[in-house]
Structure formats: C-alpha cells, structure tokens
Amino acid sequence: MPEPNRLASLDASTLLISDQVLFAAKTAKKLTFAEIASHLGRDEVACAALFYGQAQASAEDVSRLSELLGVPAETLAAQMMGFPDRGRAGPMPPVEPLIYRLYEIVQNYGYSFKAVLNEKFGDGIMSAINFSAKVDKEVEENGDQYAVITMRGKWLAYSRF
C-alpha cells in the first residue's frame, strides 16, 4: 500500500481566519504544499507563504487555487491579494520546536554566516525580499534522514552617505 501524503496542518489559533479557510480546503482535498505549488507553478515554500498570509497572491494564483481547492475566487482574492503580513513571527524566542531549532541555528551560527558572507561580498546584507528558499530531503545509505534548506537572497551592499 502506498504511503499517504503527509499534510501540514497546524493549530488554528496560530493562523488568521483567512488562513484557516485555505488549510481546511487543503486538508479536505488531501493536498501537500508540493502538489499545490506544482499546480500554481510556484515553489512549495512560496506556496506555503501564501497560506500563512506572508506572501501576496496574483490573480492567476487565486484562479488556480480556486479551481484546485474548490473555494470561491472572490473569497480567496479578498483574503490573499491584499498586503501580506510578513512580520507575524509569534513569541520570541519561538516555542514551536522546529521553528525554535531554526532560530537556534541563527543564534549559534549567525555571526559565522555574517563573517563569511562579508568576506565573500563585502559590507551588506542578504535580501529577504529578493529571496527564495527550497527544502529538500536527503536519505543516507543507513536510513538517516537530513533536511536541506537552501536560501537564496540578493546581496545588498550598504551605501555610503
């Protein structure tokens, strides 16, 4: 028997009301973010950001999501085509264990990343606006599983004034 899709579904208290509609439809259709992203022609991380209200949907995204999820386009447009709420991060430090581990990576290696990036690029920052991310899974011969997160951000040099 094939393994069923593992679906991301979260405690609704962490979501906006509009996000709950999207997650309910996603769960009812038994779709993964990768499957939805493929239908949208987007990356799965970008697709998930739409569901959390952290990215702005295009009219084409809304049309395709409406078709796929069976949610009226008007409902989706009202919820998804406004300005995103990208800063909603929850408590600091994070209490959700996986998010805390990502936070911990930055705590432990942030200055190392900064030093190496500065040596390679000079004085500046990596953009989180002109940015993309990808999540992959690697499995070792012994069965150990590894998460591979690739972040790609445009380098923005600080200007002198």
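Glu138 sits in strand β1, which covers residues 124-139. The model is a predicted one. Glu138 counts as partly exposed, because its relative accessibility is 42%, between the cut-offs of 20% for buried and 50% for exposed. Glu138 also belongs to a negative surface patch. Its partners there are Glu140, Glu141 and Asp144.

**Overall fold**

The protein chain holds six helices and two strands. Along the sequence the order is α-α-α-α-α-α-β-β. The chain has 161 residues, and 23% of them count as buried. Its exposed area is about 11,800 Å². Carbon and sulfur atoms supply 57% of that area. Now take the contacts between residues at least 6 apart in sequence: 51% of these join residues at least 24 apart.

**A contact across the sequence**

Val21 gives one example from the helices. Val21 lies in helix α1, residues 17-28. At 31% relative accessibility, Val21 is partly exposed. Which residues does Val21 contact, leaving aside its neighbours within four places in sequence? They are Val71 and Gln79. Thr75 is 54 residues away from Val21 along the chain, yet their C-alpha atoms are separated by 9.3 Å.

**The nonpolar patch**

A nonpolar surface patch of about 1,100 Å² is present. Its members are Val45, Leu98, Ile99, Leu102, Ile105, Tyr109, Phe113, Met126, Phe131, Val135, Ile149 and Met151. Three elements each give two or more residues to the patch: α6 (97-121), β1 and β2 (145-157). Helix α6 gives the most, with six residues. Val135 is the member to look at in strand β1. Val135 counts as partly exposed, because its relative accessibility is 40%. Strand β1 thus holds Val135 of the nonpolar patch and Glu138 of the negative patch.

**Salt bridges**

Side chains of opposite charge can pair when their charged atoms come close. The count here is four salt bridges. Three of them are tabulated below, with the closest N to O distance.

| Acidic residue | Basic residue | N to O distance |
|---|---|---|
| Glu60 | Arg64 | 2.8 Å |
| Glu104 | Arg101 | 3.0 Å |
| Asp136 | Lys134 | 3.7 Å |

Start with Glu60 and Arg64. Both are in helix α4, residues 59-69. They are four residues apart, so about one helical turn separates them. Glu60 is partly exposed at 45% relative accessibility. Arg64 is partly exposed too, with a relative accessible area of 30%.

Next come Glu104 and Arg101. This pair lies in helix α6, with a spacing of three residues, about one turn of the helix. Glu104 has a relative accessible area of 24%, so it counts as partly exposed. Arg101 is partly exposed at 48%. Helix α6 therefore carries this salt bridge as well as six residues of the nonpolar patch.

How exposed are Asp136 and Lys134, the pair bridged at 3.7 Å? Asp136 is partly exposed, with a relative accessible area of 33%. Lys134 is partly exposed as well, at 43% relative accessibility.

**Back to Glu138**

Why does Asp136 not join the negative patch with Glu138? Patches take in only residues with no salt bridge. Asp136 forms one with Lys134, so under that rule Asp136 is left out. Glu138 is in the patch, and its 42% relative accessibility is over the 30% that the patch rule asks for.

Note on methods: Residues are numbered from 1 along each chain as its sequence is written. This is a predicted model: local features need pLDDT of at least 70, side-chain atom pairs count only at pLDDT 80 or more; totals for chains, interfaces and linings use all residues. Side-chain values use heavy atoms; hydrogens and water are left out. Patches are made of residues with over 30% relative accessible area and no salt bridge: like charges are joined within 9 Å, nonpolar side chains (Val, Leu, Ile, Met, Phe, Trp, Tyr) within 5 Å. Accessible areas come from the Shrake-Rupley method with a 1.4 Å probe; for residues, only the protein chains shown count as cover. A salt bridge is a side-chain nitrogen of Lys or Arg within 4 Å of a carboxyl oxygen of Asp or Glu. Lys and Arg count as positive and Asp and Glu as negative; His and the chain ends are not counted. The place of a charge is taken as NZ of Lys, CZ of Arg, CG of Asp or CD of Glu. Buried means under 20% relative accessible area, exposed over 50%, partly exposed in between (1.4 Å probe, protein chains only). Contact means heavy atoms within 4.5 Å.
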